[in-house]
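Open the model in a viewer and keep the sequence panel beside it. The stops below say what to select next and what is there.

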Amino acid sequence: MKLRLCSRLVVLLSVSALLFAADGKRAITDVDLYQFQWIGDARISPDGSRVAYTHVKVTPKHDGYETELWVIPSSGGPARQLTSGPHDSAARWSPDGKFVAFLRAAEKDGRPQPAQIYLLSMDGGEARPLTDMPKGAGDPVWSPDGRSIAFSSTTLASDFDKKPGVEESDVRVITSAKYRLNGAGYFEAGRENHIWVVDAPRTPGAPQKARQLTSGEFAESDITWSKDSSSLYFTSNRVKESDFQPPDSDLYMVSASGGAMRKVASIDGPIHSPVLSPDGRRIAFIGDLNHDASGGPARSYSQPDLFVTSAEPGGTPKNLTGGYDFDIAGGVGGDQAPPRGGGRSKPYWSADGRTIIVASAEQGRVNLKRVDAESGKVSALTDGNYDLFSYNATPDGSKTAVLISTPTNIGDLFIVDGKSGHSQQITHINGDLLGQLNLTEP
């Protein structure tokens, strides 16, 4: 019996080999990595007609990555290259959809310099620099009125007075527990990320003078404008030697003209990804609680939840998903997300302000979920066996651009209908390569 079973197995293997040869596909190899392409930080235009994204590819010398901006109709069709790169990222549509602000790190002596914000008219023409910050600019955010762009920078006022060509000392004095980050390099002591604002002229030309809104020894992040463009919200951990304390950050606001900051919301843990309701009266955010409701010992892992609070100081945040036993804004571990220019996703509100849409990880899958802004009831907007690792919606939530990976496909761009959840794939970024490979679903 054993001999007969082995004979049948040999026959089956022989047939499989013939089928593989007839199919014309081959096994994947290590050098195929050099042909991989990625889509990162997809941003849908305010009218929902187009999607701008960062196109990431391996450099010709195979020792790094190049990034450039492309745009594609949300209904599908050929994509069009917007910028030449090789270090362009973070496309951000102006509220009227007529301009795209983005980050460009120009090269000098073969090395990328600190990134600056550039403006590109969607009617055509060359991209023009908007900032000239000695230490670069990051995280550009348009004001709702389209007149200004807020951004973060570690630049100090004294940096503008330094003479060009003067080399800084390479001696580093380490005084903090967290002194460097993979990919970003060493942190510079005394240089925290602060909020700056620059005017956005309707006719891009020379760089504009930026004004600094925040300063001091603590960094700010998650910049979000108020609906009337009069103030900005941000998160910050304003505790000295915070690396020796449980993770924490609070939500603050500051006038767009500068001045004192005010605390808007606080929980027992870190806050991130704040987003205002359509009427501007509430803010949804993602938070991790350090302790359970009974006040027990600090936990080694905190499950992220979705909160909502008043946009004015003094409100009490409400945990909408305390009874939902999965990770809000969670993901699936893997290496298929873009290695550069990935961007960050935030929850978004439905047009009527009754629902908040956010990604959630459940049992090895990531999908978009609807969360009732009052009751916290969770329901599915999408339902697929995949990792949905990036998303961005139109202001009314009618269309969402999402990036989806599967075990046999590297992230492609889909458009999700805000009501039905129906999705349409509009890119096949690695179609030519993956069509040659014999890939199997696990």
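Select Val402 and show its surroundings. In this predicted model, leaving out residues up to four places away in sequence, Val402 touches Leu368, Leu388, Ser390, Tyr391, Asp412, Leu413, Phe414 and Val416. Val402 is also a member of the largest nonpolar core, which has 28 residues. Together with Leu306, Leu368, Leu388 and Tyr391, Val402 is among the members that touch the most others.

Next, colour the strands that build this core. Those giving two or more residues include strand 22 (282–287), strand 23 (305–310), strand 26 (348–349) and strand 27 (355–362). Strand 28 (365–372), strand 30, strand 31 and strand 32 (409–417) do so as well. Which strand provides the largest share of this core? Strand 27 does, with 5 residues.

Elsewhere, a second, separate core has 16 residues. To find this second core, select Phe99, Ile117, Phe151 and Ala200, which are included in it.

Ile117 leads to strand 9 (residues 116–121), so select the whole strand: 6 of its 6 residues are buried, each with under 20% relative accessible area. Turn the strand to look at each face. Gln116, Tyr118 and Leu120 are on one side, Ile117, Leu119 and Ser121 are on the other, and all are buried.

Now add the partners of strand 9. Strand 6 (residues 99–104) pairs with strand 9 in the antiparallel sense over 6 bridges. Within this pair, Phe102 has Tyr118 of strand 9 as its bridge partner. Strand 10 (residues 128–129) also pairs with strand 9 in the antiparallel sense, over 2 bridges. Here Leu119 stands opposite Arg128 of strand 10. Strand 9 and strand 10 form a hairpin with 6 residues between the strands. Select Gly124 in this hairpin to see a positive phi near 120°.

Move on to the open sheet of 4 strands, whose order is 21-22-23-24 and whose pairing is antiparallel. Strand 21 and strand 24 (318–319) are the edge strands, each pairing on one side only. Between them in the order, strand 22 and strand 23 pair over 6 bridges in the antiparallel sense. Select Arg282 to find Ser310 of strand 23 opposite.

Strand 21 also leads to the second largest pocket. Its volume is about 550 Å³. Of the 28 lining residues, Gly330, Gly331, Asp387, Leu388 and Phe389 lie nearest the pocket centre. Leu388 was met earlier, as a contact of Val402. Strand 21 (271–276), strand 30 (387–393) and strand 31 (399–406) each supply at least two residues of the lining. Which strand gives the most to the lining? It is strand 30, with 5 residues. Colour the lining by class to see 11 nonpolar, 14 polar and 3 charged residues.

For the last stop, select Thr54 in strand 2 (residues 50–58). Is Thr54 buried or exposed? Its relative accessible area is 0%, and buried means under 20%, so Thr54 is buried. Show the atoms around Thr54, leaving aside neighbours within four places in sequence. The contacts of Thr54 are Trp38, Ile39, Gly40, Asp41, Thr67, Glu68, Leu69, Asp88, Ser89, Ala90 and Gly341.

Definitions and conventions
Residues numbered from 1 in each chain as written. Predicted model: local features only at pLDDT ≥ 70, side-chain atom pairs only at ≥ 80, totals over all residues. Heavy atoms only, no water. 1 Å grid on protein atoms, 1.4 Å probe; cavity = no way out; pocket = protein on both sides within 12 Å on 5 of 7 lines; lining within 4 Å. Points joined across faces, edges and corners; volume = space filled by probe spheres on them. Nonpolar A, V, L, I, M, F, W, Y, C, P; charged D, E, K, R; others polar. Core = buried A, V, L, I, M, F, W, Y, C linked by side-chain atoms within 4.5 Å. Buried < 20%, exposed > 50% of the residue type's maximum accessible area, 1.4 Å probe, protein only. Contact = heavy atoms within 4.5 Å. Pairing = 2+ DSSP bridges.
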